[in-house]
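Visitor: Please take a close look at one hairpin and its turn, and then place that part within the rest of the chain.

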Amino acid sequence: MRLRAWWLALCTGAALAKPLPELPDPDRLAGQLLGGERGAAVVAVARGAQVLRGSASQPERAVDADTALFEIGSVSKVFTGLLLAQAVERGELSLDDTLGQRLPRQTQGTPVAALTLRQLVTHSACLPRTLAADGPDAVAEIRTLTPTQLWDALPQLVLAGQPPCAPRYSNLGLALLGNLLALHHGQPWETLVRERIAVPLGLHDTVQTLDATQRARMLPAFEGEAAAPLWDMDAYAGAGALRSSTADLLRFGQALLAGREGPLGPAAERLLTPLGRYAGGEIGYGILILGPPERRVYLHDGLTGGYRTLWMLMPEGRQVLVASASNARAALPTLRGRVLAALFPVPSEPVAAAPAQLAPLVGEYRSGDGTLFRVLLHEGQLYARGGRLGFAPLVPVGAGRFARPERGLLLQFDAQAEPAQLRVQQGGTEQRALRSARAVGMAIPAQADLADAVGRYRLPNGAEFSIRAEPGQLVARLAQQPAFPVFARPGQRDRYFYEVVPAELQFVRDADGRIDALVLHQNGEHRAERIDAIP
């Protein structure tokens with residue numbers, strides 16, 4: 001009876017807070033998420049009594065946005081966080097408990113024995129992302145590592161510092177927490193999720209192990225054009241093993257938004273309680289928290305070998321958004337950025353800015369968590385990039401203030417401080433960065449040079465480069481690999497370099513000054529001839 005009353009109260013839309021800005025149409029969002037890749041995308045938005053659903057597919061086919069299943073990856077961490085919140089609420093565990101106290105046999109004499117549950121659930125335990133380095137070994141570890149192998153590996157683990165560290169995202173940390181919860185309760189993590197969350201909420205399709213009917217409803221997974229396998233997990237279950245549907249994840253979100261009066265009781269409120277800072281925002285029990293107290297957004301995304309998922313709660317208006325695509329190359333960061341830009345708009349009306357006011361702002365700025373922001377001036381306009389993102393032109397919107405309105409990005413410079421400072425606001429987050437003494441080491445090419453390079457080029461082995469232009473840089477894609485931005489070297493026309501790998505692209509011009517080939521500099525020189533018309 002309690003569950004039914006809670007659900008009806010939400011669906012009547014009673015006592016809604018001031019509405020948030022309207023989100024784009026779900027069909028449009030699904031198309032943007034899939035981005036032309038093979039597979040399917042589904043998007044569902046719940047707001048009070050209204051539920052909107054949309055889908056996209058390539059090639060086109062019918063997709064049931066309610067019943068299609070997908071891997072939700074790291075959204076599983078929120079379920080692990082909720083299991084911990086339930087145990088803390090009942091007084092069975094404390095956030096200040098250490099692994100050594102709770103798992104003395106498994107962790108004695110290891111670096112993780114002194115780590116607290118608070119540090120694990122807030123990614124402040126100084127742990128690496130996985131035991132292995134990034135790449136195939138890390139993927140194999142996530143998919144196959146057993147709890148016994150996890151415990152056996154801990155004595156050799158090296159922490160990045162003395163806990164608590166600045167937040168550093170760690171699948172390993174939530175895997176440890178998931179295994180601790182399983183041992184504490186004497187049941188597998190999968191059983192805990194089913195009995196303590198899924199069954200009470202009626203989440204019939206939120207599972208780790210698929211039955212035959214559910215397996216048939218899984219969206220076929222891809223990485224680019226290639227089919228991708230499902231990711232089964234053991235030791236890493238608590239970090240990313242769940243499969244689910246948009247209908248289930250909407251219902252889960254609504255249960256959390258119902259707070260202590262809902263079917264999850266006080267643990268729902270506890271889950272959403274901020275425990276620390278994280279990436280310019282805050283973090284609760286494994287859930288990311290953006291925005292000021294009067295406009296909170298709670299979210300997590302999930303990535304596996306063939307799926308991308310975004311799950312987002314907006315208490316203001318009782319909105320829940322679920323977006324998932326069955327291709328690892330789906331444009332999840334772009335979709336998340338667009339949604340957050342709609343929720344946290346920034347000024348967009350341009351004001352005049354003299355070049356003399358812009359030049360002192362150029363440089364590299366580094367935030368406390370290590371994020372690097374690069375700012376360049378080109379033809380009277382500022383360009384900026386953060387982390388591994390590409391450059392983007394900025395619109396002056398005030399004294400020392402510059403925006404990228406379509407991304408909800410606002411930069412506030414203080415060039416008079418020593419060193420110069422930068423405050424970056426985007427999507428409900430805020431980061432502060434100080435300018436370093438290093439030069440940026442990159443250039444913004446002339447727009448004509450970018451346009452000249454756009455096209456397709458074929459290597460002798462048949463692999464093709466696809467080159468497209470964005471404001472500030474080129475984006476290169478080789479064969480079926482992901483696309484990556486390439487950046488211009490100062491003073492070297494037509495020479496671009498990758499940040500993700502030690503490689504460069506050099507475009508070759510003919511006697512008339514037109515680009516007819518490119519040379520890949522990576523373990524030698526590899527010439528690719530242009531195979532489309534030269535502009």
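Guide: β20 and β21 form a hairpin with 2 residues between them. G427, in the turn, has a positive phi of about 55 degrees. This is a predicted model, in which local features need pLDDT of at least 70 and side-chain atom pairs count only at pLDDT 80 or more, while totals for chains, interfaces and linings use all residues. Residues are numbered from 1 along each chain as its sequence is written, and side-chain values use heavy atoms, with hydrogens and water left out.

The two arms of the hairpin are strand β20 (residues 421-426) and strand β21 (residues 429-435). Strands (E, at least two residues) and helices (H or I, at least four residues) are DSSP runs, numbered from the N terminus. β20 and β21 run antiparallel and are joined by 6 bridges; two strands count as paired if DSSP finds at least two bridges between them. Within this pairing, R423 stands opposite R432 of β21. β21 also pairs with strand β13 (residues 363-367), in the antiparallel sense and over 3 bridges. There, the bridge partner of R366 is L434 in β21.

The approach to the hairpin has a feature of its own. The peptide bond from E418 to P419 is cis, with omega near -5 degrees, and P419 has its place in the loop between β19 (409-414) and β20. Most residues other than glycine have a negative phi, and most peptide bonds are trans. A second cis peptide bond joins P163 and P164, with omega about 0 degrees; P164 is found in the loop between α8 and α9.

That loop also holds one end of a disulfide. A search of the whole structure finds 1 disulfide, a term that stands for a pair of cysteine sulfur atoms within 2.5 Å. C126 and C165 form the bond, with their sulfur atoms 1.9 Å apart. The pair links distant parts of the chain, 39 residues apart: C126 is in the loop between α6 (117-121) and α7 (136-144), and C165 is in the loop between α8 (147-153) and α9 (171-185). The link of C126 and C165 is right-handed, with 100 degrees about the S-S bond. Both cysteines, C126 and C165, are buried; buried means under 20% relative accessible area, exposed over 50%, and partly exposed in between (1.4 Å probe, protein chains only).

The chain then enters helix α9, which is mostly covered, with 13 of its 15 residues buried. At its start, a side-chain oxygen of S170 reaches to within 3.3 Å of the backbone nitrogen of L172. The expected span of a helix is 1.5 Å times one less than its number of residues; the 15 residues of α9 should therefore span 21 Å, and the 21 Å between its end C-alpha atoms agrees. Just after α9, G186 takes a positive phi of about 70 degrees.

Helix α10 (residues 189-201) has 13 residues that should span 18 Å, and its end C-alpha atoms, 17 Å apart, agree with this. α10 bends by about 35 degrees at E195, the bend being the angle between axes fitted to the seven residues ending at a residue and the seven starting there. Among the buried residues of α10 are W189, L192, I197 and L201.

Another assembly of strands lies further along the chain. Here 8 strands close into a barrel in the order β22-β23-β24-β25-β26-β27-β28-β29, with antiparallel pairing. Neighbouring strands of this sheet are turned by 30 degrees against each other on average, direction ignored; axes are lines fitted to C-alpha atoms, for helices over the stretch in contact, and angles run from 0 to 180 degrees between N-to-C directions. Within the barrel, strand β23 (residues 464-470) and strand β24 (residues 473-478) run antiparallel and are joined by 6 bridges, and R468 has V475 of β24 as its bridge partner.

Two loops of this region carry positive phi values in residues other than glycine. A479, in the loop between β24 and β25 (484-488), has a phi near 50 degrees and is partly exposed, with a relative accessible area of 38%. D494, in the loop between β25 and β26 (495-497), has a phi near 70 degrees and counts as buried at 8% relative accessibility.

How values were computed: A polar contact is a pair of N or O atoms within 3.5 Å; within protein, one must be able to donate a hydrogen and the other to accept it, and residues adjacent in sequence count only if both atoms are side-chain atoms.
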